[in-house]
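Student: I'd like a close look at one part of this model, namely how its neighbouring strands pair up. Walk me through it slowly, please.

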Amino acid sequence: MTFILKTQTGYADAALILNEISMKTPVSVLRLPRGPDPNSRGFDPNSPRFIALCPTTLSSSSSSGAVDEEEQRLRSDLRERFLRTLLLMTDKQVEFNMHEKVRVRARFGASDIDVLNFQVSGLETPLGVQKEALLRCQDVISCSFEL
Amino acid sequence: MAMRQTPLTCSGHTRPVVDLAFSGITPYGYFLISACKDGKPMLRQGDTGDWIGTFLGHKGAVWGATLNKEATKAATAAADFTAKVWDAVTGDEVLTLAHKHIVKSVNFTQDSNYLLTGGNDKVLRIYDLSKPEADPQEIAGHTSAIKKALWCNNDQQILSAADDKTIRLWDKNTQEAVHTLSFDASVTSMEYIPDGEIVVITYGRTIGFYNAHSLDLIKTVDAPASIHSASLHPEKDFFVAGGDDFKLYKYDYTTKEEMESYKGHFGPIHTVRFSPDGELYASGSEDGTLRLWQTAVGKTYGLWKCVLPEELSSENSEVLYCPPAEIKA
């Protein structure tokens, strides 16, 4: 009787084993080694080693929390500066650079709440001076004025 | 009853595995890093082969990879002319060290503060990792590409093997070559065993063992085929070697006799290393896989389970993966 064993070493060994007619039992394994996760680069942040050795990051969610806080602080700073600039601009002669190489001057009045339109007076245009006008903010590239 | 070795295959790489290294034993076990021509070195749990993560960032084949003793840092050497240092816990890239040519070898000192690199520009470089912007200390002398560079003798000396068929022992401080070994064939691999001060060198079909201080020859053993890599067991009772004929050979270090040979890989074996506890050895091959082999075949360790004949046929054997006893068509 021929006793045939296929081991994990693959088909190349089949012929060898047929000739050997070995009675050795292959060592059993609990499972095969786990392979890479196709969706991530690994380094599970919930593994005991990660948690123990990365105390500064605590967990991944709170580490991004720290970054968010900083970003939020910067955002509020920038917003505050912008609003103060608008306040300073009130009743001053402002030059607006707009798309299509349009440059106009006017006395700045106010902005609406969403910064969609600027209310201006005495808008100097090639067609004449417009006593009251609204400038569409999305058309404005930049504006400058003297303090 | 005699047991047949069941190697554990670690898949994941898509190109040849050219280098591998184990960390020391840490409170979380020990780890294994593999360098692959696909440019994506991987970290695995050392005793099971389970994948932990992939270090993403290199833009070329990775030729060398190493872990520090605590497995908290990793370093890789690549064909994109850089060596990179990584956080081995998070997988993040920590440092990129630009070189002028392909980097082949990287090695940490015991305290992980310095990184030694060597490659095709023939110069050994020592980077102080606490001052990464500072220029590295450079040691020149080799006349061809450096294949492997290792710290030795308490990190006071450096061993380097190059394609100029020499191995040189350098003093780190004087930057001079203290000893040189010349060979007729290219040296294919080098391993340093600190406990015992032995250097294992392979060239042609020979595995040579040398004293790490004097570079005096201790003994040589010839294998049936060209050998690419060899590793000595921590207890120095055996060593394993693999090369061109796809087989792994196990030899008795004292008697120099071949004890076993194992088939399994589908391509030449490029690298083989014993784990720090000596219970297993890992081999990396042209076939893109890493395989883990038991030192004591049949012992319960890692994923291997010692099973008595009665258990194999009982109902309890469901939990065990037994290699099927049939040949697939």
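**Strand pairing in chain B**

Tutor: Let's begin with strands β4 (residues 31-36) and β5 (residues 42-45) of chain B, which run antiparallel and are joined by four bridges. Strands here are DSSP runs of E, at least two residues long, numbered from the N terminus. For a concrete contact, look at Ile33(B), whose bridge partner in β5(B) is Leu43(B).

A word on what you're looking at: residues are numbered from 1 along each chain as its sequence is written, while chains are lettered from A and ligands numbered from 1 in written order. The model is predicted, so to speak, with local features needing pLDDT of at least 70, side-chain atom pairs pLDDT 80 or more, and totals for chains, interfaces and linings using all residues, and side-chain values use heavy atoms, without hydrogens or water.

Now zoom out a little. β4 and β5 of chain B belong to an open sheet of four strands, ordered β3-β4-β5-β6, and the pairing in that sheet is antiparallel. Two strands count as paired if DSSP finds at least two bridges between them. At the edges sit β3 and β6 (51-54) of chain B, each of which pairs on one side only.

Next, move along the chain to strand β21 (residues 206-211) of chain B. What keeps β21(B) largely enclosed by the rest of the structure? Five of the six residues of β21(B) are buried (under 20% relative accessible area), so the strand is largely enclosed by its surroundings. As background, side chains in a regular strand alternate between the two faces of the sheet.

β21(B) has pairing partners in β20(B) and β22(B), so let's take the two in turn. Strand β20 (residues 198-203) of chain B runs antiparallel to β21(B), and six bridges hold the pair together. Within that pairing, Thr202(B) stands opposite Ile207(B) of β21(B). The two strands make a hairpin with two residues between them. If you click on the turn, check Gly204(B): its phi is positive, about 55 degrees.

Then there's strand β22 (residues 217-222) of chain B, again antiparallel to β21(B), with five bridges joining the two. Here Thr206(B) of β21(B) finds its bridge partner in Asp222(B) of β22(B). This hairpin has five residues between its strands. One to check in this hairpin is Leu215(B), which takes a positive phi near 60 degrees.

To put those pairings in context, try two longer spans of chain B. Residues 55-96 are 52% strand and 0% helix, and the C-alpha atoms at the two ends are 13 Å apart. Residues 96-137 come out at 50% strand and 0% helix, with their end C-alpha atoms 16 Å apart.

Last stop, a loop rather than a strand: Glu70(B) is found between β7 and β8 (73-78) of chain B. Is Glu70(B) buried or exposed? Glu70(B) falls in between, partly exposed, with a relative accessible area of 37%; exposed would need over 50%. Compare Glu70(B) with Thr295(B): 225 residues separate them in sequence, and their C-alpha atoms are 23 Å apart in space.

Methods. Buried means under 20% relative accessible area, exposed over 50%, partly exposed in between (1.4 Å probe, protein chains only).
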